[in-house]
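Reader: Before we begin, could you take me through how the helices are arranged here, and set out the terms as you go?

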Amino acid sequence: METQVASRALLARGFGWTVLAVLAAYMINVVLQFWFDFPGVTATVSGQISALGLVQVAILLLAAALAIGYVISSPGTALRADAARISNFNRFLVRSAFFVVLLVGMGDAILSFLRVQNMLDGIVGSDLSSNLGRADYRGMYFHVPLMLIGIVLGSVTRGLGFIWLSLLVVGAELLIVLSRFVFSYEQAFMADLVRFWYGALFLFASAYTLLEEGHVRVDLLYASMRRETKGRVNAVGSIVLGMALCWTILILGFGTSSSIIVGPILVFETTQSGFGMYVKYMMAGFLAIFAITMMIQFVAQFLEAIADKRGEPGARETHADMI
């Protein structure tokens with residue numbers, strides 16, 4: 001019976017996995033377009049045919065085909081099992097993002113402190129110190145290795161580390177207060193660190209908050225609805241309000257080389273605050289992480305909502321259900 005119920009949900013599963021596959025293909029094509037000079041899918045569709053452009057179109061089609069093939073080859077997989085698998089992968093992304101901002105934030109703040117105090121030359125030499133003062137060099141040869149280490153840490157840990165970001169933000173703000181009012185010492189990188197970690201906390205925690213249904217829901221009718229009706233509402237909302245918003249952010253953010261997300265990343269954009277941190281380009285990337293993790297979680301929520309609408313067993317109890 002469970003296999004029969006799951007097989008009737010092939011359309012919903014196919015839609016969800018296709019969205020994720022197209023998302024992955026879209027981000028691959030973004031990298032190919034802006035870092036490897038591929039023309040982009042839009043140029044190919046508009047009539048500017050080229051071999052590289054056709055490769056990008058093929059990537060999109062192949063991704064969608066693989067998603068549909070996976071769903072067809074696993075008709076007995078329940079909706080909630082797929083949703084749990086997707087949410088677990090999203091947890092990995094958020095954990096990795098936490099470790100990335102933790103390592104990059106602390107590393108860049110220490111580097112900026114050493115530059116302010118004229119100590120960097122004596123530690124790494126004048127040539128390397130001069131190079132670390134360039135945004136592109138620091139981003140490529142200092143930030144990127146720390147990012148890779150953060151991803152590795154995210155893959156070998158299980159806790160959601162971003163929860164500790166709130167404590168780190170408080171600690172960084174407390175450091176500013178103590179250094180300013182006790183030691184009369186304050187530098188631009190200290191405020192940059194607070195903004196860096198706070199922005200990460202706000203944007204990275206959104207997907208987990210959605211998983212736990214912790215976002216503020218202003219409603220007059222939803223709380224009194226049956227689970228099946230709530231599932232129908234959540235399924236429609238996940239597509240119309242959730243996925244549509246995430247796609248809008250990604251398409252506008254990666255539309256051209258001067259778009260709001262990819263533009264700062266391409267040039268390793270920094271603030272104009274002298275010896276501040278060189279992480280402004282990463283904060284633009286936070287929007288992409290927000291959109292990607294929210295898109296993934298909206299797909300998981302969509303599958304859970306369809307399961308609720310169909311009255312399937314095994315509904316996950318959230319904090320909202322216990323209130």
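Author: A crossing is called left-handed if the near helix is turned anticlockwise from the far one by less than a right angle, and right-handed if clockwise. The model discussed below is a predicted one.

Reader: In which hand does α2 pass α5?

Author: Helix α2 covers residues 10-35 and helix α5 covers residues 79-116, and the two pack with their axes 11 Å apart. By the sense of turn just defined, the crossing of α2 past α5 is left-handed.

Reader: Is α2 roughly parallel or roughly antiparallel to α5?

Author: The axes of α2 and α5 make an angle of about 15°. Because angles under 35 degrees count as roughly parallel, the relation of α2 to α5 is roughly parallel.

Reader: How many nonpolar, polar and charged residues does the contact of α2 with α5 have?

Author: From α2 come Ala 12, Arg 13, Trp 17 and Leu 20, which meet Leu 79, Asp 82, Arg 85 and Ile 86 of α5. Sorted by class, the residues in this contact are five nonpolar, no polar and three charged.

Reader: Across the protein, what share of the contacts between residues at least 6 apart in sequence join residues at least 24 apart?

Author: The protein is built from 14 helices and zero strands, and buried residues account for 44% of its 323 residues. Among its contacts between residues at least 6 apart in sequence, the share that joins residues at least 24 apart is 79%.

Conventions
Residues numbered from 1 in each chain as written. Predicted model: local features only at pLDDT ≥ 70, side-chain atom pairs only at ≥ 80, totals over all residues. Heavy atoms only, no water. Axes fitted to C-alpha atoms, helices over the stretch in contact; angles between N-to-C directions. Helix = DSSP H or I, 4+ residues; strand = E, 2+ residues; numbered from the N terminus. Parallel < 35°, antiparallel > 145°, perpendicular 65-115°, else oblique. Contact = heavy atoms within 4.5 Å. Nonpolar A, V, L, I, M, F, W, Y, C, P; charged D, E, K, R; others polar. Buried < 20%, exposed > 50% of the residue type's maximum accessible area, 1.4 Å probe, protein only.
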